[in-house]
Amino acid sequence: MILILSQKNETATIEVIRGLIALKKKFIRVHEDEAFEIKTIEKRILIESSRNRFFIDEIDSVWYRRGGLNFRRLKYNNHSILLNMNETQYWLEDYIQKTLESKKHINKERTSHVNKLIVLDKAKELGFDIPEYFLADNTNQVELNKTILKTINGNVILDEIKKDFSGFMYTMVVEEHENHDFSSLFSGKN
């Protein structure tokens with residue numbers, strides 16, 4: 001069975017799922033907002049959310065698209081027991097993550113987040129031809145229509161900025177100066 005880790009309403013995932021259905025492939029789609037409990041049944045590890053339920057040994061391959069696997073931790077009133085069980089839970093979660101990552105994979109959650117700034121520094125150090133870049137808190141020193149603005153933290157989807165309104169932050173050419181302060185990555189337009 002294929003495990004798909006994705007975000008709700010993610011278009012590429014929906015298209016892939018249509019193909020899997022046409023090919024009659026078994027799959028489970030996990031959304032980023034699902035919280036799983038770890039259980040054992042007949043010496044097998046089961047993870048279960050309000051939407052999905054599967055044994056990890058049933059998974060043959062994993063497609064990590066976006067989001068990730070989240071776990072719900074049990075709470076205990078006794079502080080010592082809580083600390084001990086949190087550590088136990090951590091190691092169970094780690095085991096599940098590593099077991100799933102050992103399967104055939106397209107992308108991996110643990111390598112999905114890279115620091116753009118470190119990648120740019122390393123690329124420059126290795127001699128790659130990359131545009132000059134800089135960080136700034138505003139657009140005061142930006143040359144309009146010749147400078148690109150990028151998020152530092154990847155392509156960000158902002159859910160519910162306003163009621164029933166979401167937004168997507170992406171790479172764009174700076175066309176006018178902004179009056180707001182923010183931290184962002186700028187580079188010369190190629």
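Select Glu34 to start: at 5% relative accessibility, this residue counts as buried, because the cut-off for buried is under 20%. Keep in mind as you click around that you are looking at a predicted model. Glu34 belongs to the loop that links β2 (27–31) to β3 (35–41).

What does the side chain of Glu34 reach? Show the contacts and follow them. One goes to the backbone nitrogen of His31, at 2.7 Å. Another is a polar contact with the side chain of Arg51, at 2.9 Å. Now widen the selection to everything Glu34 touches, skipping residues up to four places away in sequence: you should pick up Arg29, Ser49, Arg51, Asn52 and Asn70. Arg51 is therefore on that list of touching residues as well as being a polar partner of the Glu34 side chain, the cut-off for a polar contact being 3.5 Å between N or O atoms.

Next, switch to cartoon and find the open sheet. Its 4 strands run in the order β2-β1-β6-β8, with parallel pairing. At the edges sit β2 and β8 (104–106), each pairing on one side only. Look along the sheet and you can follow a twist that averages 15 degrees from one strand to the next.

Zoom in on β1 (residues 2–6) and β6 (residues 61–64). These two strands pair in the parallel sense over 4 bridges. Which residue of β6 stands opposite Ile4? Click across and you land on Trp63.

Now bring helix α1 (residues 11–22) into view. Helix α1 lies across β1, β2 and β6, and relative to β2 the helix runs at about 165 degrees.

Last stop: two backbone oddities. Most residues other than glycine have a negative phi. Select Lys43, which is not a glycine yet has a positive phi of about 65 degrees. You'll find Lys43 in the loop between β3 and β4 (44–48). Is Lys43 buried or exposed? Its relative accessible area is 88%, so Lys43 is exposed, the cut-off for that class being over 50%.

Then jump to Asn107, another non-glycine residue with a positive phi, about 65 degrees. Asn107 sits in the loop between β8 and α3 (116–125), and β8 is the edge strand you met in the sheet. With 48% relative accessibility, Asn107 counts as partly exposed, because that class covers values between the 20% and 50% cut-offs.

Methods
Residues numbered from 1 in each chain as written. Predicted model: local features only at pLDDT ≥ 70, side-chain atom pairs only at ≥ 80, totals over all residues. Heavy atoms only, no water. Buried < 20%, exposed > 50% of the residue type's maximum accessible area, 1.4 Å probe, protein only. Polar contact = N/O pair within 3.5 Å; in protein donor to acceptor, adjacent residues only side chain to side chain. Contact = heavy atoms within 4.5 Å. Pairing = 2+ DSSP bridges. Axes fitted to C-alpha atoms, helices over the stretch in contact; angles between N-to-C directions.
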